[in-house]
Amino acid sequence: MMPYNLVPLLLVLVAPFATMAAGPGHSGPQATAGTLEIRAVRAPASLGAARNGVIYLAVRNTGDQPDALLEARSAIAKRTELHTHIHTDGIMRMRRVDRFGIPAGGMLDLRSGGDHIMLVKLHEPLVTGRQFDLTLVFEHAGAVDVRVEVVPFGSRRHH
């Protein structure tokens, strides 16, 4: 039998791995829009008084025509922008972009250290376990509403 004083420690050590294994990317798509399958929509929890946040997700294009993500909207922040990283003079900088292409039969993979959706001037902190609404607007597939799961900061959960 395990001493009761070890149970909280065990839960702290095991819980992050349990939530990663049960993440949204391990089942079917969260949403579909035309030939697009949207998976693993997540946002890391805010650290301290952070005013900005980020959203990661994956979009698989099962069709034979390319599409593009043109816009993302959410009421949780003043602005929602599409961002990429550009290396300039040995420094990685974020840049706003107008679109993310999704090739026919290919993937759009928004993840840490790469392309992402930026939440500018959050109206409230992103708290682990909570969810919020996001509208994604695609060039051909149109608008689709999804729920964003707030995951622990530093979580490796993805599709």
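This section describes the strand arrangement, the nonpolar core and selected residues of a predicted protein model.

In overall composition, the predicted model contains one helix and eleven strands. The helix comes at the start of the pattern, which reads α-β-β-β-β-β-β-β-β-β-β-β along the sequence. The protein has 159 residues, of which 38% are buried. Its accessible surface amounts to about 9100 Å², and carbon and sulfur atoms contribute 56% of that area. Among contacts with a separation of 6 or more, 66% link residues that lie 24 or more positions apart.

Strand β2, which spans residues 36-44, takes part in several pairings. Strand β1 (residues 31-33) pairs with β2 in the antiparallel sense, and three bridges connect them. Within this pairing, A33 is placed opposite L36 of β2. The hairpin formed by β1 and β2 has two residues between its strands, and G34 adopts a positive phi near 60° there. Strand β2 is also joined to β3 by five bridges, with the two strands running antiparallel. L36 recurs in this second pairing, where its bridge partner in β3 is N61. A pairing in the parallel sense is found between β2 and strand β11 (residues 142-151), again over three bridges. In that case P44 stands opposite V151 of β11. Strand β2 is mostly covered, eight of its nine residues being buried.

Strand β3 (residues 53-61) is likewise mostly covered, with eight of nine residues buried. In addition to the pairing with β2, β3 pairs with strand β9 (residues 116-122) in the antiparallel sense through three bridges. V54 is located opposite M118 of β9. A further antiparallel pairing, over four bridges, connects β3 with strand β8 (residues 107-110). Here A58 is set opposite D109 of β8.

The interior was examined next. In soluble globular proteins, nonpolar side chains tend to be buried together. The largest nonpolar core of the model comprises 31 residues, and I55, I117, L134 and L136 have the most contacts inside it. With residues up to four places away in sequence left out, I55 touches V41, R42, A43, H116, I117, L119, F132, L134 and V148. The contacts of I55 thus include I117 and L134, which are also among the residues with the most contacts inside the core.

H116, one of the residues touched by I55, belongs to strand β9. H116 counts as buried because its relative accessibility is 3%, which falls under the 20% limit. The side chain of H116 reaches the backbone oxygen of G114 at a distance of 2.9 Å. Beyond residues up to four places away in sequence, H116 touches V54, I55, Y56, E81, L82, H83, H85, M94, F100 and L110. These contacts include V54, the residue that stands opposite M118 in the pairing of β3 with β9.

The loop between β2 and β3 was considered last, through S46 and A50. S46 is situated in this loop. S46 is classed as buried because its relative accessible area of 18% is under 20%. A polar atom of the S46 side chain lies 2.8 Å from the backbone nitrogen of L126. L126 also appears among the contacts of S46, together with L122 and P125, when residues up to four places away in sequence are not counted. A50 occupies the same loop, between β2 and β3. With a relative accessible area of 34%, A50 is partly exposed, whereas S46 is buried. The C-alpha atom of A50 is separated by 8.8 Å from that of K121, although the two residues are 71 residues apart along the chain.

How values were computed
Residues are numbered from 1 along each chain as its sequence is written. This is a predicted model: local features need pLDDT of at least 70, side-chain atom pairs count only at pLDDT 80 or more; totals for chains, interfaces and linings use all residues. Side-chain values use heavy atoms; hydrogens and water are left out. Buried means under 20% relative accessible area, exposed over 50%, partly exposed in between (1.4 Å probe, protein chains only). Contact means heavy atoms within 4.5 Å. Accessible areas come from the Shrake-Rupley method with a 1.4 Å probe; for residues, only the protein chains shown count as cover. Two strands pair if DSSP finds at least two bridges between them. A nonpolar core is a set of buried Ala, Val, Leu, Ile, Met, Phe, Trp, Tyr and Cys residues joined through side-chain atoms within 4.5 Å. A polar contact is a pair of N or O atoms within 3.5 Å; within protein, one must be able to donate a hydrogen and the other to accept it, and residues adjacent in sequence count only if both atoms are side-chain atoms.
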